[in-house]
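Good morning, and thank you for coming. Please look at the sequence and the structure on the screen, and I will then take you through them step by step.

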Amino acid sequence: MPALTALLLALFVSTLSSTVVSTALPRMLLDLHGTPTQYTWVVTATLLAATATTPIWGKLADLFSKKALLQAAAAVFIAGSVAAGLAQDGGQLIAARALQGAGVGGLQALVQIAIGAMIPPRERGRYAGYQSSATALSTIGGPLVGGLIVDTSWLGWRWCFLIGVPFAVLAMILLQITLRLPVVRRDHVRIDYAGATLITAGVSALLIWISFVGDAFAWLSWQTAALTGGALLLLAAAAWVETRAAEPVVPPGVLRQRTTALAILGSLAAGTAMFGAAVFLTQYFQVSRGHTPTQAGLLTIPMMAGILLASIVAGNLISRTGRVKPFLVTGAISLTAGFAILGLIDRHTPLLLIGAAMVLIGAGVGLTLQNFVLVVQNAVPLADIGAASATVSFFRSLGGTIGVTVLGAVLARQVSTDTATGTPPADAYGDATGLVFTISAGVALLGVLAAVLLRPAPLRTSLDITDPHKATADAAPPVDLAATTPPSPANGPPAHR
């Protein structure tokens, strides 16, 4: 539990950094004289950097000390947070947020990987409740914290970034003292830098096109052709490289598994829900309903309650029964229903109805977010748990990144169109928010499809797959997780894959 507490603290502070800025963005960009495009990219830069670096951190976790990598990711996060807090214009803030995102990607992926290396899948459901609770508190509580900071005159929006620094330092200290995981060293390690670079470049080109199309240039233009064509070529080259790399950053073998492919599809929906709901609901409460940042954060509490209750109850039931699919199906349906209700909102929608929809969305996130990762971790040997977990996290972050970017672009253009026809801004924003959540309901249906088609294996009670035909050649020999030294030479060195 001391080691788990340190890991959850690191997870909490990293996720908080992605959502704490949502209620502070209007004040932040006003002080820095930022543009509407920079408004979106303050959020997107962190998500994009986290998405791009997640597979790299996951692959490194299969090769090197997970504890040392956690410390390194925390250090990167702290550097980015300090730089963001000291930014003097919109460009500096976006660059600092990208650096912060690289640390966020490492912390979020490595925490799940470390927990997967500590606790057998059958028991992990119980601890997934704690994990989902930490994610819920930071994801939904972030806007509330950001609102309190902005509304406190002697703090100011810069503390939205600086507030996480002492907690990250504390997490580093606790991890150093409490976390003890076996280190399986391998020689002749080769990192797939080409694959990582191509994936990052392809996703970045796609997101840049989404952010600017219809505003800076037309849908049918040479810029559209260049960005979309370039993105497709880069991603196709990345797929080709990954099939031939000795140590692919996104292992094709993991993606070809039915369980992993469906878990990735479900994670895309969960990622869109988690980030989209947190960002757009707080903006709706402020812009359309006229609430303060603090009030906007308080109004999202029903979603936090849904996540907390659902994740804790489901986690204990999963550990007791060993079955995870019923909870995934229920969560995906709840997520879709919540977004469908929010798709009906406008400026005058009763807050009670919005609160009920938020409870459904929160319950859906609590039942699906960590359990899709659990399904994948249960299907792979311990030697591949880093790459497999990071792959699911990568696509979940990708879903959140693309979701926030696309939905933000839809929202901005719809508001612009409505206000041009004479609709008051508050009414236009309320109607546009309903459209955004209608689209989100359609995305959430993908999660229902993935959960229904999923055929997860029974959750095993051991840390590693014991069947020699399923384990990989470099799987670690059984070790005492309380030990601080590598496996004994008497067991033989792990074979290189």
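**A chain of helices**

The accessible surface of this chain comes to about 19100 Å², and carbon and sulfur atoms account for 69% of that surface. Please keep in mind that we are looking at a predicted model. The chain contains 18 helices and zero strands. Of its 497 residues, 58% are buried.

How do the contacts in the chain relate to distance along the sequence? If we take contacts between residues at least 6 apart in sequence, 84% of them join residues at least 24 apart.

Let us now turn to pairs of helices, beginning at the N terminus. Helix α1 covers residues 2-19, and helix α8 covers residues 164-178. Their axes come within 9 Å and cross at roughly 155°. Angles over 145 degrees count as roughly antiparallel, and α1 and α8 are therefore roughly antiparallel to each other. Their crossing is left-handed.

Which residues bring these two helices together? On the α1 side we find Pro 2, Ala 3, Ala 6, Leu 7, Leu 9, Ala 10 and Val 13. On the α8 side they meet Gly 164, Phe 167, Ala 168, Leu 170, Ala 171, Leu 174, Leu 175 and Thr 178. Sorted by class, this contact has 13 nonpolar residues, two polar residues and no charged ones.

Thr 178 deserves a moment of its own. This residue lies in helix α8. Is Thr 178 buried or exposed? Its relative accessibility is 18%, so Thr 178 counts as buried. Apart from neighbours within four places in sequence, Thr 178 is in contact with Pro 2, Ala 3 and Ala 6. Thr 178 and Thr 5 are 173 residues apart in sequence, while their C-alpha atoms are 9.3 Å apart in space.

The next pair is α15 with α18. Helix α15 spans residues 325-342, helix α18 spans residues 425-453, and the two pack at an angle of about 165° with their axes 7 Å apart. That angle makes α15 roughly antiparallel to α18. The crossing of α15 and α18 is left-handed. The residues of this contact divide into 15 nonpolar, four polar and one charged. From α15, the participants include Lys 325, Leu 328, Val 329 and Phe 339. From α18, they include Gly 434, Phe 437, Leu 445 and Val 452.

Helix α15 also has a second partner, helix α16, which runs over residues 351-379. The axes of α15 and α16 come within 7 Å and cross at roughly 145°. This crossing, too, is left-handed. By class, the contact of α15 with α16 has 18 nonpolar, seven polar and no charged residues.

Within helix α16, I would like to point out Leu 353. With a relative accessibility of 38%, Leu 353 counts as partly exposed. The C-alpha atoms of Leu 353 and Leu 342 are separated by 8.5 Å, and the two residues are 11 apart along the chain.

My last example is Ser 133, which lies in helix α6, residues 121-151. Where does Ser 133 stand in terms of accessibility? At 11% relative accessibility, Ser 133 counts as buried. Leaving aside neighbours within four places in sequence, Ser 133 is in contact with Leu 308, Ser 311 and Ile 312. Although Ser 133 and Leu 308 are 175 residues apart in sequence, their C-alpha atoms are 5.1 Å apart in space.

To close, let me return to two points. The chain has 18 helices and zero strands. Among contacts between residues at least 6 apart in sequence, 84% join residues at least 24 apart, and the contact of Ser 133 with Leu 308 gives one example to look for on the screen. Thank you for your attention.

Note on methods: Residues are numbered from 1 along each chain as its sequence is written. This is a predicted model: local features need pLDDT of at least 70, side-chain atom pairs count only at pLDDT 80 or more; totals for chains, interfaces and linings use all residues. Side-chain values use heavy atoms; hydrogens and water are left out. Axes are lines fitted to C-alpha atoms, for helices over the stretch in contact, and angles run from 0 to 180 degrees between N-to-C directions. Helices (H or I, at least four residues) and strands (E, at least two) are DSSP runs, numbered from the N terminus. Angles under 35 degrees count as roughly parallel, over 145 as roughly antiparallel, 65 to 115 as roughly perpendicular and the rest as oblique. A crossing is left-handed if the near helix is turned anticlockwise from the far one by less than a right angle, and right-handed if clockwise. Contact means heavy atoms within 4.5 Å. Ala, Val, Leu, Ile, Met, Phe, Trp, Tyr, Cys and Pro count as nonpolar, Asp, Glu, Lys and Arg as charged, and the others, Gly among them, as polar. Buried means under 20% relative accessible area, exposed over 50%, partly exposed in between (1.4 Å probe, protein chains only). Accessible areas come from the Shrake-Rupley method with a 1.4 Å probe; for residues, only the protein chains shown count as cover.
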